[in-house]
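Here is a friendly walk through one model, starting with a pocket and ending with a sheet. Keep the structure open beside you as you read.

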Amino acid sequence: MEIKFCGAAKTVTGSQHLLTINGKKLLLDCGLYQGRREESYRRNKDFLYNPEQIHSVVLSHAHIDHSGNLPTLYKKGFRGNIYCTSATRDLCSIMLQDSAHIQEKDTQYINKKKSRKGEKLFNPLYTISDALNVLKQFKSMPYQNKFYLDGFNNKVAVTFFDAGHILGSSQVLLEINDGGKKIRFGFTGDVGRWQLPILKDPDFMGDVDYLISESTYGGRVHDKATEMDNQLQQVILDAYQSGGKIIVPAFSVGRTQEIVYSISKLYKEKKIPHIPIFVDSPLSVNATEVFKMHPECFDDETAKLISEGTDIFGLSYIRYVKDVEESKSLNSFEGCCMIISASGMCEAGRILHHLKNNIEDKRNTILIIGFQAEHTLGRRLVESVNNPGMEVNIFGEPYPVRAKVIVLNSFSAHADENELQRYFNYFNRKELKKIFLVHGEIDMMEALKANLEKMDFKKVYIPDYGETVILN
Ligand SMILES: [Zn+2]
């Protein structure tokens with residue numbers, strides 16, 4: 001049996017790990033690489049393997065950096081099953097179509113520029129039709145329910161465990177019969193956090209021989225997830241006093257529902273005044289619908305609030321904006337309000353207009369609540385916290401950052417250094433032969449490696465992009 005690291009190796013995005021078991025190929029995740037535009041396009045288009053030869057995909061969760069390249073896989077000939085939880089499947093049904101829409105739009109924009117310069121035009125990475133076609137290949141399975149992968153002659157059993165990261169997110173346990181030898185192989189997907197709103201805490205998948213682990217925040221400590229209500233309360237009270245707007249770039253799935261949930265609780269406890277709140281993203285509207293359909297993924301606190309009649313998704317007081325004209329009309333809105341909009345890393349979508357219109361007014365607040373990858377506008381905004389007045393480019397034009405930028409890492413959906421240690425403490429050191437670290441920037445990976453070695457995990461390895469490792 002061997003494993004090839006085809007993405008998220010020494011970087012965060014583009015999760016793809018290829019296992020070859022008894023000559024058959026199983027892909028764990030097929031995420032989109034996100035970074036500089038042309039490099040991303042190339043990396044996403046050219047796989048490090050032949051998609052026609054992949055028998056099955058096992059998908060940990062719906063985030064685009066884990067699922068977003070599945071339509072390209074289809075386009076290049078993959079016709080096997082994609083296994084995931086039912087909430088992941090439902091989220092993918094809206095997210096992959098949305099991603100295809102962005103690909104088509106982005107290509108139009110680039111081609112306009114290229115045609116002016118007389119350069120060769122791009123094709124979109126994939127289209128909505130590719131996204132719709134790949135959705136036909138999904139098979140959903142419940143948590144903690146062992147099943148055998150089709151096409152592997154009953155040699156590979158899979159069990160999903162809750163990862164506590166986003167709705168439907170899972171850790172993957174593979175029980176493999178590799179030519180008579182039994183191998184337990186784990187994949188963390190993205191490790192969530194204890195006490196995140198709405199979701200259950202991360203589960204333990206049981207002991208394994210090998211584990212691929214994410215390492216996003218392997219060397220950083222977040223504020224506790226339980227702090228988010230208090231911190232958000234302060235941000236809202238300050239903005240209410242200054243009369244400014246709060247602009248929140250947020251992933252449509254996860255962060256948006258969590259911040260709304262937090263606001264609902266603050267309203268219930270009468271800790272903040274009622275201010276107009278807009279969720280300006282068609283995808284968020286649909287994602288909230290998917291959340292409502294999956295109460296089986298909710299934790300006890302959320303179930304209790306619902307039973308008490310709390311409007312946890314703010315349907316009675318939040319203005320969910322689908323229409324572009326209504327989105328534009330928010331530009332002329334006067335007074336304190338909150339606008340939550342995608343994309344979460346400020347790379348595309350309506351958030352760019354809201355930033356452009358509000359970034360130069362010092363009464364306003366830009367509230368960052370999610371991970372911001374290198375080379376994104378979101379990351380530049382985070383950097384501006386220590387460089388007041390620095391300029392950032394929006395739609396190719398420079399704008400000085402005069403609004404207050406606040407980063408609340410209590411909202412992170414990824415385990416931090418301490419939570420990863422808590423997660424790993426469940427594993428038996430003697431049985432776990434090797435840990436492969438992926439999904440992190442190199443300093444975070446090195447920090448996690450050092451921590452794990454201190455915790456007596458002897459073999460911790462950071463693979464390169466494209467590297468193959470033989471397991472025996
Ligand atoms: Zn994720």
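## The second largest pocket

In this predicted model, the second largest pocket holds about 370 Å³ of space. Its lining is made up of 19 residues, and those closest to the pocket centre are Tyr217, Arg220, Phe371, Gln372 and Val382. If you want to find the pocket by its secondary structure, look for helix 12 (377–384) and helix 14, the elements that each give two or more residues to the lining.

What is the lining like by class? Nine of its residues are nonpolar, six are polar and four are charged. Both domain 1 (2–220 + 413–470) and domain 2 (225–411) take part, each supplying at least three residues to the lining of this pocket.

## The open sheet

Now turn to the sheet, where seven strands are arranged in the order 7-8-9-10-11-20-21. The sheet is open, and its pairing is mixed. Strand 7 (147–148) and strand 21 (460–461) each have a single partner strand and stand at the edges, so one side of each has no neighbour in the sheet.

Strand 10 (residues 181–187) and strand 11 (residues 210–214) run parallel and are joined by three bridges. To locate this pairing on screen, find Gly186, which stands opposite Leu211 of strand 11.

## Helix 14 and the sheet

Helix 14, met above in the pocket lining, also belongs to the picture of the sheet. Spanning residues 442–454, helix 14 lies across strand 11, strand 20 (434–438) and strand 21. The direction of helix 14 is at about 160° to that of strand 20.

How values were computed:
Residues numbered from 1 in each chain as written. Predicted model: local features only at pLDDT ≥ 70, side-chain atom pairs only at ≥ 80, totals over all residues. Heavy atoms only, no water. Pairing = 2+ DSSP bridges. Helix = DSSP H or I, 4+ residues; strand = E, 2+ residues; numbered from the N terminus. Contact = heavy atoms within 4.5 Å. Axes fitted to C-alpha atoms, helices over the stretch in contact; angles between N-to-C directions. 1 Å grid on protein atoms, 1.4 Å probe; cavity = no way out; pocket = protein on both sides within 12 Å on 5 of 7 lines; lining within 4 Å. Points joined across faces, edges and corners; volume = space filled by probe spheres on them. Nonpolar A, V, L, I, M, F, W, Y, C, P; charged D, E, K, R; others polar. Domains from an automatic or database assignment.
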